[in-house]
Amino acid sequence: MKKSIHFIPSSLVCSVAIDLTVEDGVIREVCFEGGCSGNLQGISMLVRGMKVEVIERLEGIQCGSKRTSCPDQLVKALKEIERC
C-alpha cells in the first residue's frame, strides 16, 4: 500500500517541510524543503529504497546543541506515516 505525507518538522531545524512516500514498508520518495541542500539531498538519496527500519539508524541524531535534526525529523515523519 502506498502512503504519502507532507510533514511539518520542528521549528528547531532548518527544513520547513518533508514530503515522503512509503510503499509496502519501503521508502520511495523523500524531499526536504529548506535546510542544508547538499546534506538533505544526500540523506534523501541514501534512504530511498530502504525499509522503514532506517528509523533505528536516524532516531535521536542531534544538530549541534539542538535536541533534534533533519534526520531525526524524518524519523518522526516515518513514524507518522506508519500510523496512517
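**Exercise 1.** Determine what span helix α3 (residues 70-83) should have, and compare that span with the distance between its end C-alpha atoms in this predicted model.

*Solution.* Helix α3 holds 14 residues, taken at 1.5 Å a residue. The expected span is 1.5 Å times one less than the number of residues, and for α3 this gives 20 Å. The end C-alpha atoms are 20 Å apart, so the expectation and the model agree.

**Exercise 2.** Identify the buried residues of α3 and the elements against which they pack.

*Solution.* A residue is buried when its relative accessible area is under 20%. In α3 this holds for Cys-70, Pro-71, Asp-72, Gln-73, Leu-74, Val-75, Ala-77, Leu-78 and Ile-81. Their packing partners are the strands β1 (2-7), β2 (15-23) and β3 (26-34), together with the helices α1 (37-47) and α2 (55-58).

**Exercise 3.** Place α3 within the order of elements along the sequence.

*Solution.* The protein contains 3 strands and 3 helices. Their order is β-β-β-α-α-α. Residues 24 or more positions apart supply 40% of the contacts with a separation of 6 or more.

**Exercise 4.** Test whether the radius of gyration agrees with that of a compact globule.

*Solution.* For 84 residues, a compact globule would have a radius of gyration near 12 Å. The protein has 12 Å, which agrees. The C-alpha trace spans about 35 × 20 × 20 Å along its principal axes, and buried residues make up 39% of the 84 residues.

**Exercise 5.** Describe the exposed area and the charged side chains.

*Solution.* The protein exposes about 5000 Å², of which carbon and sulfur atoms supply 53%. There are 11 positive and 11 negative side chains, and the centres of these two sets lie 3 Å apart.

Technical notes. Residues numbered from 1 in each chain as written. Predicted model: local features only at pLDDT ≥ 70, side-chain atom pairs only at ≥ 80, totals over all residues. Heavy atoms only, no water. Helix = DSSP H or I, 4+ residues; strand = E, 2+ residues; numbered from the N terminus. Rg over C-alpha atoms; globule rule 2.2 N^0.38 Å. Buried < 20%, exposed > 50% of the residue type's maximum accessible area, 1.4 Å probe, protein only. Contact = heavy atoms within 4.5 Å. Areas by Shrake-Rupley, 256 points an atom, 1.4 Å probe, with all protein chains shown as cover. Lys, Arg positive; Asp, Glu negative; His and termini not counted. Charge placed at Lys NZ, Arg CZ, Asp CG, Glu CD.
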